[in-house]
Amino acid sequence: MMALRSGPPPAVAWIGGVDGYLRLLDQTLLPGTVETIDCRTVEQVWEAIRALRVRGAPAIGVAAAYGVVVGCQSARAGSPSAFAARLEQTLDYLASSRPTAVNLFWALDRLRRAAGAMPASATAADVLERLWREAQAIEAEDRQMCAAIGRWGAPLLSGCGGVLTHCNTGGLATAGEGTALAVIIAAARNNPRLRVYADETRPLLQGARLTTWELLQRGIDVCLICDAMAAWVMQQRRVQAVIVGADRIAANGDTANKIGTYGLSVLARAHGIPFYVAAPSSTFDRALPDGSRIPIEERPAAEITQPFGRMIAPEGCPTYNPAFDVAPAANITAIITERGVIQPVQAEQIDRVLSAAV
């Protein structure tokens, strides 16, 4: 088994005790500048999520959980009723940061339930302590989830000489080694000749800026391609699998992920190449019967017309900039979770695997 180099610094970290603060790796500056930002107010956490300083559904969930703690620290010396009001205000505020990543809402709901389970005699400080412990648990579970996804998914890539991935699904998107990238990392330990083809991922270039950076730091063979090259890479048989992450998965397996994922799923199916999704159970939204109900975030026009501050389109040119699209379950070979591999991707199989004990 190959020993890979250590990866990048953590995307999300809590510094100190219950009165501490959230430290984030500012991913908008990568790969040129490695810089952290310290969030001591809930407004700073909201801005970091909205501006993609922290990104990736699992990492957003962890950051939001700690954001609740940051947002409620100022109310710890007040009455329980005042603290409860501040908590609801903080939860609603953070929920408005991004609409598609279900882990955000999952984490916020989990902290709401944790606070609601406290006895009536609990003080505001007691509830804050409980929220902090719950956020810590979410972070620890995320690390364990990444490792489990890697173990379940690695055998699916065992015969691959090349694999294609899209956007960023590694340690920058989670508290651990990632989701889809955790599978790739685990497979590369057993197969050092595995080559990863990384889509650039327009318009914000998460594949170019982040995925290649992570893989190079780990000593994994990676080749950057433009998004429009994926079909030719498949036609040339340079890859034997495609693996991506997810921001929300409906009850039937329809999967919302970074824009471009739907097209890759169609291309993979046309070329007879397995198309895998790697995501934790918390990314499933089984209240939605299918992907048509998944809200799709639209981002500012400047991300297309003026990427990274450089104008590349005429002033005033209309744009359409959805951040996500939805790959239908019929195009997905399997979904890899911390509870096991879902194959075939059907509602009944999803229920069976997600009901399994971790």
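In this predicted model, the second largest cavity is lined by L52, R202, P203, L204, Q206, K258, I259, R299, E303, N321, P322 and A323. By class, that lining splits into six nonpolar, two polar and four charged residues. The space inside the second largest cavity comes to about 60 Å³.

A search through the whole structure turns up two cavities of 30 Å³ or more. The largest cavity has a volume of about 200 Å³. It is lined by 23 residues, and those closest to its centre are R55, G56, A57, N168 and D247. Two elements, α2 (57-72) and β9 (255-258), each give two or more residues to this lining. Helix α2 supplies the largest share, three residues. Sorted by class, the lining of the largest cavity holds 11 nonpolar, eight polar and four charged residues.

R55, one of the residues closest to the centre of the largest cavity, leads to another part of the chain. Its side chain is joined to that of Q27 by a polar contact of 2.7 Å. Where does Q27 sit? Q27 belongs to the loop between β2 (21-25) and β3 (36-39). Is Q27 buried or exposed? Its relative accessibility is 0%, so Q27 counts as buried. Leaving aside residues up to four places away in sequence, Q27 touches A11, L52, R53, V54, R55, L172, R209 and L210. L52, one of these contacts, is also among the residues that line the second largest cavity.

The cysteines come last. A disulfide is a covalent bond between the sulfur atoms of two cysteines. How many disulfides does the model contain? The count is zero. For C167, the nearest cysteine sulfur is that of C146, 15 Å away, and C167 is in no disulfide. A disulfide requires two cysteine sulfur atoms within 2.5 Å, so a distance of 15 Å does not qualify. C167 has a relative accessible area of 7% and is therefore buried, the limit being under 20%.

C226 is likewise in no disulfide; the nearest cysteine sulfur, that of C223, lies 10 Å away. With a relative accessible area of 32%, C226 is partly exposed. The two cysteines can be set side by side: C167 is buried, whereas C226 is partly exposed, and neither C167 nor C226 is in a disulfide.

How values were computed
Residues are numbered from 1 along each chain as its sequence is written. This is a predicted model: local features need pLDDT of at least 70, side-chain atom pairs count only at pLDDT 80 or more; totals for chains, interfaces and linings use all residues. Side-chain values use heavy atoms; hydrogens and water are left out. Buried means under 20% relative accessible area, exposed over 50%, partly exposed in between (1.4 Å probe, protein chains only). Helices (H or I, at least four residues) and strands (E, at least two) are DSSP runs, numbered from the N terminus. A polar contact is a pair of N or O atoms within 3.5 Å; within protein, one must be able to donate a hydrogen and the other to accept it, and residues adjacent in sequence count only if both atoms are side-chain atoms. Contact means heavy atoms within 4.5 Å. On a 1 Å grid over the protein atoms alone, a cavity is a set of points where a 1.4 Å probe fits but cannot get out, and a pocket is an open set with protein on both sides within 12 Å along at least five of seven lines; lining residues have an atom within 4 Å of a point. Grid points are joined across faces, edges and corners, and a volume is the space filled by probe spheres set on the points. Ala, Val, Leu, Ile, Met, Phe, Trp, Tyr, Cys and Pro count as nonpolar, Asp, Glu, Lys and Arg as charged, and the others, Gly among them, as polar.
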